[in-house]
Each structure stands twice: as structure tokens, then as C-alpha cells.
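Trainee: Could you take me through one part of this model in detail? I would like to look closely at the sheet and at what packs around it.

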Amino acid sequence: MASHRRPKQTSRARVTVLTTAAAAAVVLSSQAANAAPSEKPSKDEVKTKVDKLYEEAEQATEKYNGAKEKQEKLQKEISTIQDNVARGQEELNELRDSIGMAAAAQYRTGSIDSSLQLFLSSDPDDYLDKASTADQLSAQQVEALKKIQEKQRELAQERSEASGKLTDLASTRTELGKKKKEVQGKLAEAQKLLNSLTAAEKAELAAADARASRSSTARVDLSGATAGSSRAMAAFQAAQSKIGSPYVYGATGPSSFDCSGLTSWAYAQAGVGIPRTSQAQANAGTRIYSQSDLQVGDLVIFYGDMHHVGFYAGNGQVLHAPRTGTVVRYESINNMPFQFGVRI
């Protein structure tokens, strides 16, 4: 008699897993079908992000300017020290030669002084320590050896100073490179955002910027403004002559400028040297905390970290190099967070 086996039943757990997976697939498929495409940022959103990036780039620019100024200063100091060391070494060689010639003369006569023998075979410092009696050396020889000692100490100190400054210069160059990359990165990011706009949107932003510049210029009336000193006015007029020049980070003129590059260049035209960076310029004169006390030609410092500077132009206006993508122009002092003025 044939045996009959009941068919094997599908595991209830297996059915549950398969059912759950199928349900999940349906849900995911439905979500994918109904998901809204990623929205492109609006023109205003792009402008807000770009303005923020430009501000961050300017912050990095002023740090870049500071590192560059420090590098140039260190290079000059190192060059001066190295020149001094070279001259000092020549003087030291001459002093040694004079002692050597005296020894040679005595050697030829067969009467070389024991003190000279000792000097020629040892360090002058060591010799003076060993020369316990005055009659071992003539007054002239003592003076010559003292000069050699002093020159050796002087050269050792200068070489040590140069070594320290060279180390400082190397770290400054590293910092300079980092800040340059940071600025370039911010500007590239901003440009990428601007490139996402349509031609019409770019034109709208440019037109709005131009209108703001023209409107601000129209409001500038120096007839009723309090003029600063003759040199401050000369600096301000030099800056006025550069209206329309493009902003370029790290630039100090005469054809392009960043913010502190414009102010330092303009004051130089008036015969006044001021520091390179906005933070240093903030400490270059008397601070004026009330806008009503500002005079034409005063510097105006903006932002808590003092990373922006311009000229007070009178009647609530400043003349400055705003940021990448703009030119030297007038603008309302209230467009940025005012900190204080500086009267040079």
C-alpha cells in the first residue's frame, strides 16, 4: 500500500517576512514617485549666502594682509641682520689678521712672544682667562683681544636673532598660504552660487547693486559736512579719485584695492603712513565713538572683529572698497555694523 505524505506547509515566519518586505517596497516606491525634486535656491537666498561668503572672505583677507605685512617686515629685518653679520665677520677677520701679522713679524725675528703663541693656539676667551699677569700681554694686544671677544659675542647674538626670525618667517609664510587658500575658497564658493542663477537673475542683482551705489552717491553732500584736517581731506580726496576702481583682495592700488588697501594708499598720498590692516588702523589714532562727531576723512571701523574700514564722507555716508564684485563707492554708514571712527 502506497504511503501518502501531506504537503509541507510554508513557514508562517517566512510568509510574514516576505509580506513585510513587499509592503516596504511599495511604500518606498510610492515615496520616490511622490518626492518633490530638490528646490533650487531663490535669487534672494543666493544673494544672502553670497553676501555672507564675501564677508567671511574679507575677514580672511585682513588676516592674509596682516601675515603678508609681517612677512615683508621680517624679510627686511633678516636682510639687515645678515648684512650686519657679514660686516661684523669682516671686522673680526681684520682684527684676527692684525694679531696674526704681529705674530708673523715676531716669528721672522725669532722672538715670538709666548702670549701670542698662546693666543694663536686657543680661543681668545680662553686666553684671557689664562693670562693671569699683566706683563704677559701688551696694552695693544689686550685691546685687540677684547675687541675680538666683543665682536664674537655680537656676531653670535645676531646669528641667533636671525635664526629666530627665519623660523618666524617660515611659520608666517605657512599662515599666509592658508589664508590665501581660505579667501580663494570662499570666493570660489560664492561664484559657484552666482553661477546657479539665470542670466536674468544675475542682471537683476547687478542692477540693484548699481541703483544702491547711485542712490548713495546722490545723497553725498560735502557742503554741510565737517571737514577734517588738511591731511585727512587730502587722503579723502585721493580716495575719491579712485571711485569706480574694482575691489581685489590683497590689493593696495593704484588700480584696485581691498578696504584697508584703499585707506592706507590714500593716506600715503597725503604723506601719512598708517598700518596696512583694518585692525591695526583701528589703533592708529583717536577713536570717535559718536557718529555725530565724525569728520570727513576720519576712518570708520565696522564689525566686531574690525575687519572692514572706510572713509567718513559726511552726512551719514562712507567711501570705501566694499567687497569682491564691487568697486570703490559711497554707501550709507548704516549698511554695516558701525564700531567707531578713527581720527589719524
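Mentor: Happy to! A word on confidence comes first, since this is a predicted model. The protein chain has a mean pLDDT of 80, with 73% of its residues at 70 or more. Its elements range from helix α1 (residues 12-34), with the lowest mean pLDDT at 45, to strand β2 (residues 299-302), with the highest at 98. Residues 1-7 stay under 50 in pLDDT, and the model gives them zero contacts beyond four places in sequence. Residues 10-37 also have pLDDT below 50, and that stretch has one contact in the model beyond near neighbours in sequence. Where pLDDT is low, the predicted coordinates should not be read in detail.

Now to the sheet, which contains β2. The sheet is open and has six strands, in the order β1-β6-β2-β3-β4-β5, with antiparallel pairing. At its edges are β1 (286-288) and β5 (329-332), each of them paired on one side only. On average, neighbouring strands here are turned by 40 degrees against each other, ignoring direction. Follow β2 to its partner β3 (residues 308-314): the two are antiparallel and share four bridges. Within that pairing, Ile-301 sits opposite Val-309 of β3.

Next, look at the helices lying across these strands. Helix α7 (residues 230-240) crosses β3, β4 (317-320) and β5, at about 105 degrees to β3. Helix α8 (residues 259-269) lies across β2, β3 and β4, and its angle to β3 is about 55 degrees.

The side chains continue the picture. Ring pairs join Phe-236, Tyr-267 and Phe-311 into a cluster, and the whole structure holds five aromatic pairs. By their numbers, Phe-236 falls within α7, Tyr-267 within α8 and Phe-311 within β3. Two of these rings return in the largest nonpolar core: among its 48 residues, Tyr-267 and Phe-311 touch the most other members. Elements that each give this core at least two residues are α2 (43-108), α5 (139-195), α7, α8, β2, β3 and β6 (338-343). The largest share, eight residues, is from α2.

There is also a second core, separate from that one, with ten residues, including Ile-288, Val-300, Tyr-312 and Ile-333. You can place some of these on the strands by number: Ile-288 belongs to the edge strand β1, Val-300 to β2 and Tyr-312 to β3. As a general background, nonpolar side chains tend to be buried together in soluble globular proteins.

Terms used:
Residues are numbered from 1 along each chain as its sequence is written. Side-chain values use heavy atoms; hydrogens and water are left out. Rings of Phe, Tyr and Trp (its six-membered ring) pair if their centres lie within 6.5 Å; planes under 30 degrees apart count as stacked, over 60 as edge-to-face and the rest as tilted. pLDDT is the predictor's confidence in each residue, from 0 to 100. Contact means heavy atoms within 4.5 Å. Two strands pair if DSSP finds at least two bridges between them. Axes are lines fitted to C-alpha atoms, for helices over the stretch in contact, and angles run from 0 to 180 degrees between N-to-C directions. A nonpolar core is a set of buried Ala, Val, Leu, Ile, Met, Phe, Trp, Tyr and Cys residues joined through side-chain atoms within 4.5 Å. Buried means under 20% relative accessible area, exposed over 50%, partly exposed in between (1.4 Å probe, protein chains only).
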